[in-house]
Amino acid sequence: MATNSSTDGDESGRAGVRANAKWYAVSYPMFWLVAVFLVPLAMLVVFSFYVNIPGGSYRPGFTLENYARFLSVSFSAGWPPIEGNLYLSQTWLTIELALVTAFASLALGYPIAYYLARMNRPWLRSLLLITIISSLWVTYVIRAYAWQVILASGGILSSTGVRLGLLAEPQSFYPGYWGLVIGMVYVFLPFMILTLYSSIRNIDGELLEASKNLGAGPVKTFRRVTLPLSKNGIVSGLALVFILALGAYVMPRLLGSSAERTLPVLIEAQIMSEQNYPFGAAMSIGLVLVVLAFLWVMVRFTNMTTASLGGSEVAEPDGGRPDSAAYKSASGVGSSFRNGVGSLASAIGVTRVAASAGNGIESVILRIDARTRERILWVGSRVYVAAAMTFIAAPLLIIIAVSFTPEQFLTFPPGGFSTQWYVEFFTDSSWVIALINSLGIAGAAALLSTTIGGTLAFALDRYGYRWGTIFGTFGILPILVPPVIVGVAFLVFFLELGVAGSRTSIIVAHGIFYAPFPFILISQGLDELDRTYEEAAMNLGASPLGTIRTITLPLLQANVVSGALFAFILSLNEYIIAWLLSLFLVDTIPIQIFNSLRYGYSPTIAAASVVFIALTVVVMVAIDRLSGGIWE
Amino acid sequence: MSGISLSGITKRYPGGVLAVKGVDIDIESGEFVTLVGPSGCGKTTTLRTIAGFERPTDGTISIDSVDVTDAPPYERNTGMVFQDFALFPHMTIHENVAYGMEVDGEYTDEEIDARVAEMLELVELPGVADRTPDQLSGGQQQRIALARALAPSPDALLLDEPLASLDKKLREQMQVELRRIQQEVGITTVFVTHNQEEALTMSDRLAVMNDGKFEQVGPPEAVYDEPETRFVADFLGTANLFDGSISTVSDGYATVDCGDVSIRARNGTAGAGESVSVVVRPERFALESEGEEAGENAFDGTVKFKRHLGSSVEYHVDTGNGRTLIVVRRSGTGALSTGERVSVSVGAKDCRIVEA
């Protein structure tokens with residue numbers, strides 16, 4: 001009965017304040033999410049038509065020159081016609097890389113997610129999940145650096161290869177395409193695993209028992225029950241990784257060669273090096289359009305919503321089968337649509353391939369008896385998961401190891417033990433200032449994020465709004481926009497306001513960009529909160545505000561605090577937005593590490609990274625404790 | 001102590017669903033009234049309008065002769081026990097029971113402590129003050145929920161299916177316990193349940209609700225023995241129902257033509273030609289094999305099914321024409337076996353005519 005009245009904001013029993021309070025409540029988050037977030041994005045559109053004046057300035061006007069430069073196609077220069085245009089061919093490369101990353105992550109991640117979801121040792125599962133999740137939030141800069149150390153000529157991979165006689169001479173695996181792909185899969189694999197994990201976890205174990213009881217073996221059960229039921233997880237995982245990979249800046253910049261300059265790298269170069277703001281803006285709009293086209297295809301042809309991308313994904317056991325006729329009608333529209341549809345079609349294709357492979361495997365192992373069969377599958381999956389977990393954990397472990405080297409250069413194995421680089425880190429004023437800046441910015445941004453996300457979640461939960469769904473979408477939207485674009489948009493906005501290059505500008509940008517995390521967590525908490533507790537309090541005489549203070553907030557404490565900690569940890573590790581807004585005036589740890597990488601691999605970088613990783617792990621464990629196993 | 005008065009209470013939810021359709025009742029001070037009915041009949045909505053969680057679309061509510069129709073829940077002095085108890089999980093038992101007095105702000109700490117101790121004594125759980133709700137069993141949580149509701153000395157106690165989540169044995173124990181405490185405190189109580197047995201055993205009066213309206217209000221034995229409508233007869237206990245129309249009326253009795261049989265039964269106000277139902281409680285039938293005197297209405301049939309209910313035995317007797325009579329006899333009185341031919345009869349005074 002309570003749910004029947006929940007849409008009625010005037011209901012006397014609601015723990016809200018008064019009917020008109022609903023507009024005050026929503027105006028605060030909307031101020032930030034519309035006035036301070038959408039306005040910069042709109043300014044980006046305007047800027048993309050401005051006229052560039054070589055030498056770092058621009059004047060208002062209307063020209064299509066920027067788009068012409070971005071989109072010009074030359075048919076004389078051979079086939080395909082985008083070949084002659086650096087920007088278009090790099091846009092295609094960006095999309096290709098994102099697709100490769102998404103599908104490689106799916107192939108690598110599915111077995112791990114499946115194993116995690118089905119294993120029955122809770123402590124090991126939490127350990128593995130914490131490992132995966134912790135690596136997830138460590139700044140891309142440190143993780144790219146780890147792969148540089150591994151892949152460089154004279155790096156770990158090459159020297160191990162030489163020692164084992166596999167390589168004739170030291171060889172560098174970076175910068176280059178495959179080194180970049182490895183790095184990209186490494187950073188985005190955790191997102192894929194977690195999405196698939198929650199989807200597979202949601203499958204009722206009794207369904208699998210029912211299937212086995214009806215005579216299906218493990219392979220058939222997987223193919224006929226588990227895989228179809230996790231299809232939504234597969235589609236969300238692919239979409240999430242694809243969008244994140246499209247917007248990736250740090251990995252292509254640090255692991256790619258000049259041939260692998262992706263769109264975000266080109267945009268950053270236009271802004272920071274060429275100071276051609278209008279052209280940078282035009283390319284940003286191009287990237288946004290690719291993302292929007294992809295999202296449109298997702299929403300149009302699957303039952304995904306933008307909210308489910310934002311993390312509130314719940315596996316739905318049925319539906320979501322895109323009909324094949326829809327593909328045909330879309331095939332003539334444009335190349336970017338085709339790519340989007342193609343990725344979906346291949347998602348279905350992958351299912352089929354997996355199915356036929358499953359058939360093959362099953363016919364082979366049917367000759368073995370059932371017990372041995374299960375054993376082989378189980379041992380095989382364990383070996384695989386161990387290898388994949390090594391891939392996820394090793395780079396950061398290597399960084400930790402080399403940070404204790406007694407030598408002047410990075411060496412692995414370290415060949416001794418010394419804490420000198422930590423002393424160096426904590427005594428060098430530039431590192432200490434960067435650390436203080438990072439912590440201060442992250443703390444303030446976390447507060448801002450939590451107030452924005454929290455009030456929005458609360459307002460949407462308590463009051464019925466005609467535009468409630470749209471307000472909710474605003475709450476998720478920031479995280480869907482590639483960070484490089486958020487950075488450029490805020491840069492343009494703050495330049496106009498005259499506050500760019502300040503800590504405040506970074507705090508505001510991070511506060512808005514990460515508001516979706518507290519928003520989602522607090523919304524979930526409010527959803528799960530039993531309304532009867534509030535009714536009981538009011539029945540006992542507590543006023544609406546008293547009820548919120550004594551009952552609602554204490555019960556939501558874990559969600560509020562984990563939301564804030566999430567925003568904190570993300571802001572702490574964020575590079576590209578902070579870098580664009582710093583205008584060389586503000587240093588944070590990720591910026592400082594990135595800049596130091598230009599001058600070689602001083603072990604101080606490793607020490608700084610370890611301090612940062614430790615900070616991140618501590619906060620992640622705190623979130624897990626607080627929320628009583630939020631990862632479940 | 002004080003009574004509750006509902007007059008013309010109607011609740012229409014946004015979207016047009018009419019949950020309660022004009023309900024009137026005067027509950028006396030100290031009375032235990034049960035609202036009973038199938039799920040969706042509007043009983044919980046009615047209770048929630050008394051508590052102030054729902055504002056009635058129409059009608060007025062007064063508690064202790066004060067009109068509280070527009071008062072928010074926290075300005076009405078009612079104590080509610082929720083179906084899943086709603087004990088605050090982040091507070092100890094002491095804090096839970098003290099909550100109502102603390103938010104009131106007019107009690108000293110000593111008064112609160114004394115009152116909490118008194119309440120825990122009342123529900124016979126004096127030693128649990130420092131525990132948290134998850135450390136208590138279901139039955140204990142139930143008692144604490146009651147103590148919490150009673151602690152601020154409310155004008156009325158509202159119980160929303162509080163026994164539904166307990167197992168059968170505990171439920172029966174709590175029925176007795178709840179009634180003992182209610183009588184000890186002497187508090188006006190409104191109890192909502194879908195369990196007809198609970199309604200019959202616990203209340204001073206019960207109101208049978210169906211489709212947003214009261215079908216019949218009265219003491220349990222009156223409602224059970226003298227149901228006014230077919231719904232009430234069918235909902236409370238087991239009823240054999242014969243649908244038909246009245247052929248002749250005479251002197252407080254009438255003969256009802258049910259097609260295959262015709263039955264003489266006690267009549268209220270129904271006139272000839274009216275469509276009615278005849279209600280016969282299963283324990284009112286006599287079985288010929290027991291040597292009892294045959295009643296006016298007799299049926300021949302075959303025992304089709306038999307089940308033992310402990311203190312009694314239930315027989316399903318097939319009398320042809322698709323009609324099955326349910327007959328209950330005390331255990332140990334001449335058992336019949338399945339397939340046996342039997343003659344069943346009932347006197348006209350044990351048959352009652354109700355609105356169809």
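This report walks through a predicted model with chains A and B, from the overall make-up of each chain to a few local features.

**The two chains**

Let's start with chain A, which has 29 helices and 2 strands. Of its 632 residues, 54% count as buried. Chain A exposes about 26,500 Å² of surface, and carbon and sulfur atoms supply 64% of that area. If you look at contacts in chain A between residues at least 6 apart in sequence, 76% of them join residues at least 24 apart.

Chain B has a secondary structure of 8 helices and 20 strands. Here 52% of the 356 residues count as buried. The accessible surface of chain B comes to about 15,100 Å², with 45% of it belonging to carbon and sulfur atoms. For contacts in chain B between residues at least 6 apart in sequence, 65% join residues at least 24 apart. The C-alpha trace of chain B spans about 75 × 45 × 35 Å along its principal axes. Chain B also carries 32 positive and 58 negative charges, and the mean positions of these two sets are 7 Å apart.

**A buried serine in chain A**

For a close look at chain A, try A:S571, which is found in helix α26, residues 544–573. Is A:S571 buried or exposed? It is buried, because its relative accessible area is 4%, and the cut-off for buried is under 20%. Leaving aside residues up to four places away in sequence, A:S571 touches A:I441, A:A442, A:A445, A:H510 and A:Y514. Another residue to locate from here is A:T469, 102 residues from A:S571 along the chain. The C-alpha atoms of A:S571 and A:T469 are separated by 27 Å.

**A negative patch on chain B**

Turning to chain B, you can find a negative surface patch formed by B:E95, B:E102, B:D109, B:E110, B:E111 and B:D113. Two helices of chain B, α2 (93–104) and α3 (109–122), each supply at least two residues of this patch. Which helix gives the most to the negative patch? That is α3 of chain B, with 4 residues. One member of the patch, B:D109, has its place in helix α3 of chain B. B:D109 has a relative accessible area of 55% and is therefore exposed, as the cut-off for exposed is over 50%.

**Salt bridges**

The structure holds 29 salt bridges over all chains. Three of the pairs in chain B are set out here, with the N to O distance for each.

| Pair | Closest N and O atoms |
|---|---|
| B:E198 and B:R171 | 3.9 Å |
| B:R180 and B:E177 | 3.0 Å |
| B:E184 and B:R180 | 2.7 Å |

Let's take B:E198 and B:R171, which form a salt bridge with their closest N and O atoms 3.9 Å apart. This pair links distant parts of the chain, as B:E198 sits in helix α6 (residues 196–202) of chain B and B:R171 in helix α5 (residues 168–185) of chain B, 27 residues apart. B:E198 counts as buried because its relative accessibility is 3%.

The other two pairs in the table share B:R180 and stay within one helix. Both B:R180 and B:E177 lie in helix α5 of chain B, 3 residues apart, which is about one turn of the helix. On the other side of the pairing, B:E184 and B:R180 also both lie in helix α5 of chain B, 4 residues apart, again about one turn of the helix.

How do these three residues sit with respect to the surface? B:E177 has 10% relative accessibility, so this residue counts as buried. B:R180 counts as partly exposed because its relative accessibility is 27%, a value that falls between the cut-offs of 20% and 50%. B:E184, at 53% relative accessibility, counts as exposed.

Which residues are linked with B:R180 in a network of salt bridges? The network consists of B:E124, B:R143, B:E177, B:R180 and B:E184. Within it, B:R180 meets B:E177 at 3.0 Å, N to O, and B:E184 at 2.7 Å between the closest N and O atoms.

Definitions and conventions: Residues are numbered from 1 along each chain as its sequence is written. Chains are lettered from A and ligands numbered from 1 in the order in which they are written. This is a predicted model: local features need pLDDT of at least 70, side-chain atom pairs count only at pLDDT 80 or more; totals for chains, interfaces and linings use all residues. Side-chain values use heavy atoms; hydrogens and water are left out. Patches are made of residues with over 30% relative accessible area and no salt bridge: like charges are joined within 9 Å, nonpolar side chains (Val, Leu, Ile, Met, Phe, Trp, Tyr) within 5 Å. Accessible areas come from the Shrake-Rupley method with a 1.4 Å probe; for residues, only the protein chains shown count as cover. A salt bridge is a side-chain nitrogen of Lys or Arg within 4 Å of a carboxyl oxygen of Asp or Glu. Lys and Arg count as positive and Asp and Glu as negative; His and the chain ends are not counted. The place of a charge is taken as NZ of Lys, CZ of Arg, CG of Asp or CD of Glu. Buried means under 20% relative accessible area, exposed over 50%, partly exposed in between (1.4 Å probe, protein chains only). Contact means heavy atoms within 4.5 Å.
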